[in-house]
Amino acid sequence: MSFTLLLQLLASLTFGMLLGTLFFGGLWLTIRNLQKASHPALLFLASALVRTCLAISGFWFIGVWLDESLRWQRLAVCLVGFILARMICTRMIRTDQPSFSGKSV
């Protein structure tokens with residue numbers, strides 16, 4: 001494995017984690033602010049559109065805009081980073097929030 005390939009895959013993993021953190025962190029912030037919003041449906045729709053466009057643009061940047069070699073490998077590693085960020089975000093949110101029964105999970 002060449003150093004350039006390793007560097008590209010590491011950058012893709014990092015970028016995927018950043019995309020996932022922005023996507024799921026934005027979802028968490030949106031849900032927390034729904035009760036305060038005067039138009040919660042509009043807030044949720046706008047947040048979903050922005051988060052989805054950001055994620056799709058990020059994956060497009062990794063897969064298409066960069067170098068033509070190793071596209072699917074970079075996309076796969078970026079997706080792994082996105083999923084890892086989801087797992088980390090949900091763990092952090094779970095420890096912060098009480099469950100419905102009033103006990104901490």
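Helices here are DSSP runs of H or I with at least four residues, numbered from the N terminus. By that rule, L5 is found in helix α1. The model is predicted. Its protein chain has three helices and zero strands. In sequence order the pattern is α-α-α.

**Chain overview**
- The protein chain has 105 residues, and buried residues make up 22% of them.
- About 7600 Å² of the chain is exposed. Carbon and sulfur atoms supply 73% of that area.
- Among contacts with a separation of 6 or more, 66% join residues 24 or more positions apart.

**Helix α1**
- α1 has 31 residues. From first C-alpha to last, α1 reaches 44 Å, close to the 45 Å expected at 1.5 Å a residue.
- The buried residues of α1 are L5, L9, S12, G16, L19, G20, F23, F24, G26 and T30.
- An α-helix has 3.6 residues a turn, so residues three or four places apart point the same way.

**L5**
- L5 counts as buried because its relative accessibility is 19%, and the cut-off is under 20%.
- L5 and R74 lie 69 residues apart along the chain. Their C-alpha atoms are separated by 9.3 Å.

**S12**
- S12 also sits in helix α1. Its relative accessible area is 2%, so S12 is buried.
- Beyond its neighbours within four places in sequence, S12 is in contact with I62, R74, V77 and C78.
- R74 thus appears twice: as a contact of S12, and as the residue whose C-alpha is 9.3 Å from that of L5.

**Nonpolar core**
- The largest nonpolar core holds nine residues: L19, F23, F24, A55, F59, I62, C78, F82 and C89.
- Helices α1 (3-33), α2 (40-65) and α3 (71-96) each give two or more residues to this core.
- L19 contacts L54, A55, G58, F59, C78 and F82, leaving aside neighbours within four places in sequence. Of these, A55, F59, C78 and F82 are core members.
- Two contacts of S12, I62 and C78, also belong to the core.

**R51**
- R51 is found in helix α2. With 9% relative accessibility, R51 counts as buried.
- Not counting residues up to four places away in sequence, R51 touches F23, G26 and L27.
- F23 is a member of the largest nonpolar core. F23 and G26 are both among the buried residues of α1.

Key. Residues are numbered from 1 along each chain as its sequence is written. This is a predicted model: local features need pLDDT of at least 70, side-chain atom pairs count only at pLDDT 80 or more; totals for chains, interfaces and linings use all residues. Side-chain values use heavy atoms; hydrogens and water are left out. A nonpolar core is a set of buried Ala, Val, Leu, Ile, Met, Phe, Trp, Tyr and Cys residues joined through side-chain atoms within 4.5 Å. Buried means under 20% relative accessible area, exposed over 50%, partly exposed in between (1.4 Å probe, protein chains only). Contact means heavy atoms within 4.5 Å. The expected span of a helix is 1.5 Å times one less than its number of residues. Accessible areas come from the Shrake-Rupley method with a 1.4 Å probe; for residues, only the protein chains shown count as cover.
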